[in-house]
Amino acid sequence: MSEAASTVLIVEDDAVIRRLVSEALRNEGFGVEAAEDAAEMDAILVRTRPDLVILDVMLPGEDGLSICRRLHAHERFPILMLSAKSDEIDRVVGLETGADDYLVKPFGPRELIARVRAMLRRGPRVHSPLGRRFSVGSLTVDLDARQVIDAQSAPVALTSAEFDLFACFIQRPRRVLTRDQIGKWTRGRIPDPLDRSIDMIVSRLRRKLDRSSKDANLISTVRNGGYLLTAHVTPV
Amino acid sequence: MRLSSAVRVCLIIVLSVTIVWIGTVALFYLSSASAIRNNRPLPAQVAALVSLLEQASATQRPLILRAVTSQSMAARLEPGNHIGVTPKLQRVPRLTARAVDQYLSVLGGRPNSVSIRREGNARGGLGFTFAAPADLEIRVLLSTNETLVVDALSYPVANFFGVPVGFVAGLTGAVLGLIALFALQREIAFNRLQVRISHLVRGRIAMIGGISHDVRTFLTRLRLRVDRIPDEQERDRAVADIADMIRLLDDALLASRAGSGELNEELIDFAQIVSAEVDDRRAVGKPVDLASTAPLNSTILGDRLALRRVIANLIDNALFYGKAAHLSIEADSEFVTLHVDDEGPGIPPDQREQILEPFVRLEDSRNRRTGGAGLGLAVARSLVEAHGGKISITDAPLSKGARLTVQLPLFVAR
């Protein structure tokens, strides 16, 4: 596919940035489609196939991260995320969204075009659904099959609540999670301050993991009532 | 938050127990007061005793006296007239005397007196007889010219400074309850204050975050337009200005998050982010080097962005004021330490503390050539301190320049 024929779809809510980026891309010979939000983007995707999508993280309605996950699951074009917050980068390129590259605002046109060219050169992504199998220390965890397997290929029996909690840690490895955050992510609500059930599940999970994994202390307690998965998580 | 809710629960328990206690004491007093009133037919008893003694023979009298003597009553006969005076100001003797008079009037009336016994449960003087049943002494002159002395003993009540223990307990309970109520109310007020402050702080962070986002949008437009400036030098300056503005915004946002404990906490290999920052600058030809060290454990718990900003500020400061940055990392069992040495004129000891304050620059030796509000080191310090670390300034050992040292506590798994 020749570069000149490549079409780039930009999804960005700020009209001026949208116009300036579109102009910069057109000047370089790209075909450009522009959308203000997810609905407009979907309308464009019905009638045309872009070779690359530039997606702003913060959009009205469905946000960029959610759009990115959705596109990643069904489409093969590469996705370049635009973020206005430097602390969003971790989430943008994290395990969940599937973005191929990102740019932090403000960026210059040359920077943008260089990234776009580099991504187009790599071509369409080999379609691989986001990996949901991870290696955690000596354990292997399959989030879809809800299965934990130890180094001797023996399954580790976890209750549903324990697995949900473990999955919550795996999706946010090496990061301190407060009781409130864990409650919000595993049960959709912030637990009562006197509710110790999360601590109890953590301690049961920890006991089971310590028994079947040689890395002692997979889950560590941090002062001020937080927990943290100390192992590195890698997709397998 | 957890402690205060525990305190609140304790207070509520104390308060409710106290209320139950007061209620029980009150109930006891109400019921026993009516029981005393009903079960003490003292005047009728006395009248009957008078009538019986007057009719009985001399041999029967001691038996009668013995028969009526019990825990709550003692009767004896004294020869001659020993009638006392019923005190006018004491309510219980007066009422009892009136009742005794009524009953005796059936027998044609007898001279009598009712007084509170001096010994025993006698505390009538203060008028506390409603609370403390007093022992009464009833004297009736018989027709045989003998005086019948009846000691009506109230049930023994342990007392405390002249009032029954139950009363003291109730009073103490009430006072404690009031104190508990007051403390509870203050605790609630304090909690509300905490909630308000945290709302305020979050609101401020959200506002700075919102401003930062909007300013970034404007700066992105500006940055995209700047490329149309034909003069290359002007264009580069404009790009640098935009970068400085973003940096200032990020600093403000980070510092306000650090100041209110809103930083992320994740496990970070400190040596790795130091070498990444060094590599970034070496790639554009800046005189930065990192003394190679043996692999060391530099895992700390902290905010990646904040720590990168600390390292970046120290390196850029050293480059700007001290021409070059020489970095080294060491670690012991508790701390990881980063030294950043420069080749500048150094910082005089008396200005070292001052230079870590916001908006302070050493103007005499370092003139203001480009942007920078003097926030870099202040932001670095507030971020390092938010991570439980220390930042200090000394002389560089190898050059005349300054050495900035950052010490951060290592993560210990528990």
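Mentor: Helices are DSSP runs of H or I with at least four residues, strands are runs of E with at least two, and both are numbered from the N terminus. Counted in this way, chain B has nine helices and 13 strands, whereas chain A has eight helices and 12 strands. This is a predicted model, in which local features need pLDDT of at least 70 and side-chain atom pairs count only at pLDDT 80 or more, while totals for chains, interfaces and linings use all residues. Residues are numbered from 1 along each chain as its sequence is written, and chains are lettered from A and ligands numbered from 1 in the order in which they are written.

Trainee: How do you know that residues of chain B are in contact with residues of chain A, and how many are involved?

Mentor: Two residues are in contact if their C-beta atoms, placed from the backbone, lie within 7 Å. By this criterion 25 residues of chain B are in contact with 29 residues of chain A. On the chain B side, the elements giving two or more residues are helix H1 (2-38), helix H5 (165-226), helix H6 (232-259) and strand S7 (266-269), and H5(B) gives the most, with nine residues.

Trainee: What makes a residue on that side of chain B nonpolar, polar or charged, and how do its residues divide?

Mentor: Ala, Val, Leu, Ile, Met, Phe, Trp, Tyr, Cys and Pro count as nonpolar, Asp, Glu, Lys and Arg as charged, and the others, Gly among them, as polar. The side of chain B that touches chain A then divides into 10 nonpolar, five polar and 10 charged residues.

Trainee: Why are H5(B) and H6(B) described by the orientation they are given, be it parallel or antiparallel?

Mentor: The axes are lines fitted to C-alpha atoms over the stretch in contact, with angles running from 0 to 180 degrees between N-to-C directions. For H5(B) and H6(B) the axes come within 10 Å and cross at roughly 170°. Angles under 35 degrees count as roughly parallel, over 145 as roughly antiparallel, 65 to 115 as roughly perpendicular and the rest as oblique, and the two helices are therefore roughly antiparallel to each other. The residues making the contact include B:Ile205, B:Ile208 and B:Leu219 of H5(B) and B:Ile242, B:Met245 and B:Leu249 of H6(B); by class, the contact has 14 nonpolar, three polar and five charged residues.

Trainee: Is B:Val278 buried, exposed or partly exposed, and what makes it so?

Mentor: A residue is buried if 20 or more other C-beta atoms lie within 10 Å of its own, exposed if 12 or fewer, and partly exposed in between. B:Val278, which is found in helix H7 of chain B, has 18 C-beta neighbours inside 10 Å and therefore counts as partly exposed. Leaving aside residues up to four places away in sequence, B:Val278 touches B:Val288, B:Leu290 and B:Leu327, and its C-alpha atom is separated by 8.1 Å from that of B:Ile315, 37 residues apart along the chain. Over whole chains, buried residues make up 27% of the 414 residues in chain B and 32% of the 236 residues of chain A.

Trainee: What makes strands count as paired, and in what order do the five strands of the open sheet in chain B run?

Mentor: Two strands pair if DSSP finds at least two bridges between them. The order in the open sheet is S8-S10-S11-S13-S12, with mixed pairing, and strand S8 (288-290) and strand S12 (390-395) are the edge strands, each pairing on one side only. The twist averages 20° from one strand to the next. Strand S11 (residues 335-341) and strand S13 (residues 402-409) of chain B pair in the antiparallel sense over seven bridges, and B:Asp341 has B:Arg403 in S13(B) as its bridge partner. Helix H7 (residues 270-283) of chain B packs on this sheet, touching S8, S10, S11 and S13, and its direction makes about 150° with that of S8(B).

Trainee: How do you know that S3(B) and S4(B) pair?

Mentor: Strand S3 (residues 136-141) and S4(B) are joined in the antiparallel sense over six bridges, against the required minimum of two. B:Glu137 has B:Asp151 of S4(B) as its bridge partner. These strands form a hairpin with four residues between them, and B:Asn145 in the turn has a positive phi of about 60°. S4(B) (residues 146-152) is also joined by seven bridges to strand S1 (residues 73-79), running antiparallel, with B:Glu78 opposite B:Thr147.

Trainee: What makes a set of residues a nonpolar core, and how many residues has the largest one?

Mentor: A core is a set of buried Ala, Val, Leu, Ile, Met, Phe, Trp, Tyr and Cys residues joined through C-beta atoms within 7 Å. The largest has 66 residues, and those with the most contacts inside it are A:Ile219, B:Phe270, B:Val310 and B:Leu383; helix H8 (residues 304-322) of chain B supplies the largest share, eight residues.
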